[in-house]
Amino acid sequence: MCGRYAASRGPEDLAGVFEVEKWESEETLAPDYNVAPTKEVYAVLDRPLKDADSPRPVRQLRRLKWGLVPSWAKTPEGGARMINARAETVHEKPSYRRAFATRRCIVPADGYYEWVTAAAERDLEVEGRKKRPRKQPYFVLPADGSVFAMAGLYEFWRDRTLPDEHPLAWWATCSVITTEAETAPLAAAPAEGPRTLADIHPRMPLMLTPDRWDAWLDPARTDPDELRTLLTPPPAGLMRAYPVSTAVSSVRNNGPELLKELEGPEEGTLF
(Lines give C-alpha, C1' and ligand atoms only; values in the text may rest on other atoms or scores of the structure.)
Protein backbone atom coordinates (compact mmCIF):
# COMPACT_ATOMS: atom_id res chain seq x y z
CA MET A 1 0.00 0.00 0.00
CA CYS A 2 1.01 3.66 0.21
CA GLY A 3 -0.02 5.40 3.40
CA ARG A 4 2.81 7.89 3.87
CA TYR A 5 5.51 9.35 1.62
CA ALA A 6 8.09 12.14 1.36
CA ALA A 7 7.97 14.97 -1.17
CA SER A 8 10.72 17.57 -0.84
CA ARG A 9 11.16 18.74 -4.43
CA GLY A 10 9.89 22.18 -5.35
CA PRO A 11 7.75 23.10 -8.36
CA GLU A 12 10.69 24.36 -10.43
CA ASP A 13 12.46 21.02 -10.07
CA LEU A 14 9.31 19.01 -10.81
CA ALA A 15 8.43 21.22 -13.77
CA GLY A 16 11.80 20.45 -15.30
CA VAL A 17 11.59 16.71 -14.69
CA PHE A 18 8.06 16.31 -16.07
CA GLU A 19 8.19 19.06 -18.73
CA VAL A 20 5.38 20.97 -17.03
CA GLU A 21 3.98 23.90 -19.00
CA LYS A 22 1.73 25.44 -16.36
CA TRP A 23 1.88 25.85 -12.59
CA GLU A 24 0.87 28.65 -10.25
CA SER A 25 3.66 30.12 -8.12
CA GLU A 26 1.17 31.11 -5.41
CA GLU A 27 0.26 27.44 -4.99
CA THR A 28 3.76 26.36 -3.91
CA LEU A 29 3.80 23.69 -1.22
CA ALA A 30 6.50 23.50 1.42
CA PRO A 31 8.75 20.42 1.40
CA ASP A 32 6.91 17.64 3.21
CA TYR A 33 8.82 14.71 4.66
CA ASN A 34 5.78 13.00 6.14
CA VAL A 35 2.92 13.29 3.65
CA ALA A 36 -0.22 11.74 5.13
CA PRO A 37 -3.73 11.15 3.74
CA THR A 38 -5.96 14.25 3.35
CA LYS A 39 -2.94 16.53 2.88
CA GLU A 40 -2.52 18.66 -0.24
CA VAL A 41 0.05 17.18 -2.60
CA TYR A 42 1.54 17.90 -6.00
CA ALA A 43 0.28 15.99 -9.01
CA VAL A 44 1.25 16.16 -12.68
CA LEU A 45 -1.61 15.95 -15.18
CA ASP A 46 -2.49 16.75 -18.79
CA ARG A 47 -5.67 18.80 -19.10
CA PRO A 48 -6.94 21.71 -21.25
CA LEU A 49 -6.66 25.05 -19.50
CA LYS A 50 -9.90 26.61 -18.32
CA ASP A 51 -11.18 29.33 -20.68
CA ALA A 52 -8.32 28.69 -23.12
CA ASP A 53 -8.82 29.19 -26.84
CA SER A 54 -7.37 25.77 -27.62
CA PRO A 55 -8.69 22.43 -26.31
CA ARG A 56 -5.13 21.08 -26.37
CA PRO A 57 -4.19 19.27 -23.15
CA VAL A 58 -1.52 21.16 -21.21
CA ARG A 59 0.97 19.51 -18.86
CA GLN A 60 0.22 21.03 -15.44
CA LEU A 61 1.47 20.79 -11.87
CA ARG A 62 -1.57 20.98 -9.61
CA ARG A 63 -2.29 20.82 -5.91
CA LEU A 64 -4.71 18.03 -5.04
CA LYS A 65 -6.00 16.61 -1.78
CA TRP A 66 -4.79 13.05 -1.19
CA GLY A 67 -7.90 10.89 -0.80
CA LEU A 68 -10.11 10.55 -3.84
CA VAL A 69 -13.73 11.72 -3.71
CA PRO A 70 -15.76 10.40 -6.70
CA SER A 71 -17.72 13.05 -8.59
CA TRP A 72 -20.98 11.26 -7.73
CA ALA A 73 -20.32 11.06 -3.97
CA LYS A 74 -22.94 12.73 -1.78
CA THR A 75 -20.30 13.83 0.74
CA PRO A 76 -16.48 13.95 0.77
CA GLU A 77 -16.24 11.96 3.99
CA GLY A 78 -14.95 8.77 2.36
CA GLY A 79 -11.93 10.45 0.75
CA ALA A 80 -9.57 9.64 3.61
CA ARG A 81 -10.20 5.94 2.99
CA MET A 82 -9.61 6.14 -0.76
CA ILE A 83 -5.93 7.00 -0.84
CA ASN A 84 -5.01 3.84 -2.78
CA ALA A 85 -6.51 2.08 -5.80
CA ARG A 86 -5.46 -1.46 -6.67
CA ALA A 87 -3.94 -1.87 -10.15
CA GLU A 88 -5.68 -5.22 -10.55
CA THR A 89 -9.21 -3.80 -10.18
CA VAL A 90 -8.95 -0.04 -10.80
CA HIS A 91 -10.61 -0.37 -14.23
CA GLU A 92 -13.79 -1.90 -12.81
CA LYS A 93 -14.34 -0.39 -9.38
CA PRO A 94 -17.14 2.23 -9.46
CA SER A 95 -15.10 4.71 -7.42
CA TYR A 96 -12.15 4.65 -9.80
CA ARG A 97 -13.13 3.45 -13.29
CA ARG A 98 -14.23 6.86 -14.67
CA ALA A 99 -11.06 8.54 -13.43
CA PHE A 100 -8.99 5.64 -14.78
CA ALA A 101 -10.46 6.23 -18.22
CA THR A 102 -9.85 9.98 -18.48
CA ARG A 103 -8.31 11.52 -15.35
CA ARG A 104 -4.93 10.00 -14.68
CA CYS A 105 -2.02 11.75 -13.01
CA ILE A 106 1.46 11.23 -11.63
CA VAL A 107 2.09 11.87 -7.94
CA PRO A 108 5.81 12.72 -7.58
CA ALA A 109 7.69 11.74 -4.44
CA ASP A 110 11.19 11.22 -3.08
CA GLY A 111 10.05 7.79 -1.94
CA TYR A 112 7.52 6.20 0.37
CA TYR A 113 7.47 4.82 3.91
CA GLU A 114 6.34 1.34 4.72
CA TRP A 115 6.18 -0.47 8.04
CA VAL A 116 7.53 -3.99 7.94
CA THR A 117 4.95 -6.76 7.89
CA ALA A 118 6.64 -10.01 8.90
CA ALA A 119 5.02 -13.39 8.20
CA ALA A 120 3.48 -13.77 11.67
CA GLU A 121 2.21 -10.19 11.51
CA ARG A 122 0.51 -10.84 8.18
CA ASP A 123 -1.28 -13.84 9.66
CA LEU A 124 -2.69 -11.62 12.39
CA GLU A 125 -3.87 -9.07 9.83
CA VAL A 126 -5.56 -11.76 7.73
CA GLU A 127 -7.36 -13.00 10.83
CA GLY A 128 -8.50 -9.45 11.58
CA ARG A 129 -6.63 -9.30 14.86
CA LYS A 130 -4.90 -6.25 16.28
CA LYS A 131 -1.50 -5.45 14.81
CA ARG A 132 1.59 -5.69 16.96
CA PRO A 133 3.13 -2.41 18.13
CA ARG A 134 6.53 -1.00 17.22
CA LYS A 135 6.84 -1.92 13.57
CA GLN A 136 10.08 -0.81 11.97
CA PRO A 137 9.53 1.79 9.21
CA TYR A 138 11.57 1.68 6.00
CA PHE A 139 12.03 4.35 3.36
CA VAL A 140 11.77 3.02 -0.19
CA LEU A 141 13.18 5.09 -3.05
CA PRO A 142 14.73 4.81 -6.52
CA ALA A 143 18.30 3.58 -6.15
CA ASP A 144 19.57 6.29 -8.52
CA GLY A 145 17.95 9.12 -6.52
CA SER A 146 15.52 10.07 -9.27
CA VAL A 147 11.92 11.16 -8.70
CA PHE A 148 9.58 8.38 -7.64
CA ALA A 149 6.69 8.82 -10.10
CA MET A 150 3.63 7.15 -8.60
CA ALA A 151 0.73 6.35 -10.92
CA GLY A 152 -2.38 8.17 -9.74
CA LEU A 153 -5.95 9.18 -10.51
CA TYR A 154 -7.69 12.48 -9.87
CA GLU A 155 -11.29 13.64 -9.58
CA PHE A 156 -13.37 16.79 -9.11
CA TRP A 157 -16.21 16.92 -6.60
CA ARG A 158 -18.76 19.73 -6.31
CA ASP A 159 -19.96 20.74 -2.86
CA ARG A 160 -23.60 21.59 -3.59
CA THR A 161 -24.02 23.30 -0.23
CA LEU A 162 -21.81 26.18 -1.39
CA PRO A 163 -22.35 28.82 -4.11
CA ASP A 164 -20.35 28.62 -7.35
CA GLU A 165 -18.08 31.53 -6.41
CA HIS A 166 -17.07 30.00 -3.06
CA PRO A 167 -13.36 28.97 -3.03
CA LEU A 168 -14.25 25.57 -1.54
CA ALA A 169 -17.11 24.80 -3.92
CA TRP A 170 -14.89 22.40 -5.89
CA TRP A 171 -12.65 19.69 -4.44
CA ALA A 172 -9.75 18.31 -6.48
CA THR A 173 -8.62 14.98 -5.06
CA CYS A 174 -6.37 12.08 -5.99
CA SER A 175 -5.48 8.47 -5.25
CA VAL A 176 -2.27 6.46 -5.70
CA ILE A 177 -2.38 3.16 -7.58
CA THR A 178 -0.72 0.20 -5.88
CA THR A 179 0.46 -3.18 -7.10
CA GLU A 180 2.03 -6.34 -5.72
CA ALA A 181 5.40 -5.66 -4.14
CA GLU A 182 8.54 -6.83 -5.91
CA THR A 183 9.98 -10.18 -4.91
CA ALA A 184 13.31 -9.59 -6.69
CA PRO A 185 16.31 -8.52 -4.56
CA LEU A 186 16.57 -4.83 -3.75
CA ALA A 187 19.23 -2.80 -5.55
CA ALA A 188 20.88 -2.16 -2.19
CA ALA A 189 19.48 -4.29 0.61
CA PRO A 190 20.05 -3.33 4.27
CA ALA A 191 22.78 -5.18 6.16
CA GLU A 192 20.08 -6.86 8.21
CA GLY A 193 16.37 -7.14 7.62
CA PRO A 194 14.29 -7.43 4.45
CA ARG A 195 15.96 -8.38 1.18
CA THR A 196 13.01 -7.55 -1.10
CA LEU A 197 10.12 -5.10 -1.05
CA ALA A 198 7.75 -8.02 -0.55
CA ASP A 199 9.60 -8.78 2.70
CA ILE A 200 8.50 -5.37 3.96
CA HIS A 201 4.89 -5.32 2.76
CA PRO A 202 2.88 -7.24 0.13
CA ARG A 203 1.85 -4.03 -1.71
CA MET A 204 3.72 -1.02 -3.10
CA PRO A 205 2.90 2.12 -5.11
CA LEU A 206 3.06 1.53 -8.87
CA MET A 207 6.10 3.43 -10.16
CA LEU A 208 5.92 4.69 -13.74
CA THR A 209 9.20 4.81 -15.62
CA PRO A 210 9.72 7.91 -17.85
CA ASP A 211 8.92 5.99 -21.05
CA ARG A 212 5.31 5.61 -19.81
CA TRP A 213 4.64 9.12 -18.54
CA ASP A 214 3.21 10.61 -21.74
CA ALA A 215 0.95 7.65 -22.47
CA TRP A 216 -0.33 7.52 -18.89
CA LEU A 217 -1.13 11.24 -18.76
CA ASP A 218 -2.72 11.43 -22.23
CA PRO A 219 -6.48 12.03 -21.67
CA ALA A 220 -7.19 10.92 -25.25
CA ARG A 221 -6.33 7.34 -24.27
CA THR A 222 -9.54 5.93 -22.85
CA ASP A 223 -9.55 2.24 -23.74
CA PRO A 224 -9.34 0.29 -20.45
CA ASP A 225 -7.54 -2.68 -21.97
CA GLU A 226 -4.88 -0.46 -23.53
CA LEU A 227 -4.47 1.52 -20.31
CA ARG A 228 -4.08 -1.62 -18.23
CA THR A 229 -0.93 -2.49 -20.18
CA LEU A 230 0.65 0.60 -18.58
CA LEU A 231 0.06 -0.84 -15.11
CA THR A 232 2.70 -3.53 -15.31
CA PRO A 233 5.37 -3.07 -12.63
CA PRO A 234 8.70 -1.47 -13.64
CA PRO A 235 11.81 -3.59 -14.18
CA ALA A 236 13.16 -5.20 -11.02
CA GLY A 237 16.22 -3.85 -9.25
CA LEU A 238 15.42 -0.14 -9.49
CA MET A 239 14.58 0.34 -5.81
CA ARG A 240 16.42 0.40 -2.52
CA ALA A 241 15.09 0.50 1.04
CA TYR A 242 16.60 1.37 4.39
CA PRO A 243 15.36 1.62 7.99
CA VAL A 244 14.44 5.02 9.38
CA SER A 245 13.44 6.32 12.80
CA THR A 246 10.07 5.32 14.23
CA ALA A 247 9.51 9.08 14.63
CA VAL A 248 7.94 8.98 11.16
CA SER A 249 5.11 6.92 12.63
CA SER A 250 3.64 10.14 14.07
CA VAL A 251 2.22 12.60 11.54
CA ARG A 252 3.20 15.39 13.94
CA ASN A 253 6.86 14.82 13.05
CA ASN A 254 8.08 16.37 9.82
CA GLY A 255 11.60 17.21 8.67
CA PRO A 256 14.55 15.91 6.65
CA GLU A 257 15.78 13.99 9.69
CA LEU A 258 13.00 11.47 9.02
CA LEU A 259 14.91 10.35 5.91
CA LYS A 260 18.12 9.64 7.82
CA GLU A 261 19.29 6.09 7.17
CA LEU A 262 19.78 3.96 10.28
CA GLU A 263 22.48 1.32 10.50
CA GLY A 264 19.85 -1.23 11.46
CA PRO A 265 16.31 -1.59 12.84
CA GLU A 266 15.61 0.26 16.08
CA GLU A 267 15.70 -1.83 19.23
CA GLY A 268 12.37 -3.39 20.06
CA THR A 269 10.96 -3.28 16.50
CA LEU A 270 10.24 -6.10 14.07
CA PHE A 271 13.24 -7.13 11.98
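**A walk through the paired strands**

R158 stands opposite W170 in strand β10. That single pair is a good place to enter this predicted model. Start there and follow the strands outward.

R158 closes strand β9, which covers residues 148–158. Strand β10 covers residues 170–180. The two strands run antiparallel and are joined by 7 bridges. Next to R158 in the sequence sits W157, whose bridge partner in β10 is W171. Find both pairs in the structure, R158 with W170 and W157 with W171.

Is β9 enclosed or open to the outside? Count its buried residues. Of its 11 residues, 10 are buried, so the strand is largely enclosed by the rest of the structure. Here, buried means under 20% relative accessible area.

Strand β9 has another partner as well. Strand β6, residues 104–109, pairs with β9 through 6 bridges. This pairing is antiparallel too. Look for I106, which stands opposite A151 in β9.

Now return to β10. Which strands pair with β10 in the parallel sense? Strand β4, residues 58–66, does so over 2 bridges. Its residue W66 has C174 of β10 as bridge partner. Strand β5, residues 84–86, also runs parallel to β10, with 3 bridges. There, N84 is matched with V176 of β10.

One further strand joins in. Strand β11, residues 203–205, meets β10 over 3 bridges. These two run antiparallel. T179 marks the spot, standing opposite M204 in β11. So far we have followed backbone partners. For side chains, a general rule helps: in a regular strand they alternate between the two faces of the sheet.

Step back to the whole chain. It has 6 helices and 12 strands. Its radius of gyration is 19 Å, close to the 18 Å that the globule rule gives for 271 residues, so the chain is as compact as a globular protein of that length. The C-alpha trace spans about 60 × 40 × 35 Å along its principal axes.

How much of the chain is buried? Buried residues make up 49% of the 271. Contacts also reach far along the sequence. Among those with a separation of 6 or more, 72% link residues 24 or more positions apart.

Finish at the surface. The chain exposes about 13400 Å², and carbon and sulfur atoms supply 51% of that area. The chain also carries 36 positive and 41 negative charges. Their mean positions are 5 Å apart.

Notes: Residues numbered from 1 in each chain as written. Predicted model: local features only at pLDDT ≥ 70, side-chain atom pairs only at ≥ 80, totals over all residues. Heavy atoms only, no water. Helix = DSSP H or I, 4+ residues; strand = E, 2+ residues; numbered from the N terminus. Rg over C-alpha atoms; globule rule 2.2 N^0.38 Å. Buried < 20%, exposed > 50% of the residue type's maximum accessible area, 1.4 Å probe, protein only. Contact = heavy atoms within 4.5 Å. Areas by Shrake-Rupley, 256 points an atom, 1.4 Å probe, with all protein chains shown as cover. Lys, Arg positive; Asp, Glu negative; His and termini not counted. Charge placed at Lys NZ, Arg CZ, Asp CG, Glu CD. Pairing = 2+ DSSP bridges.
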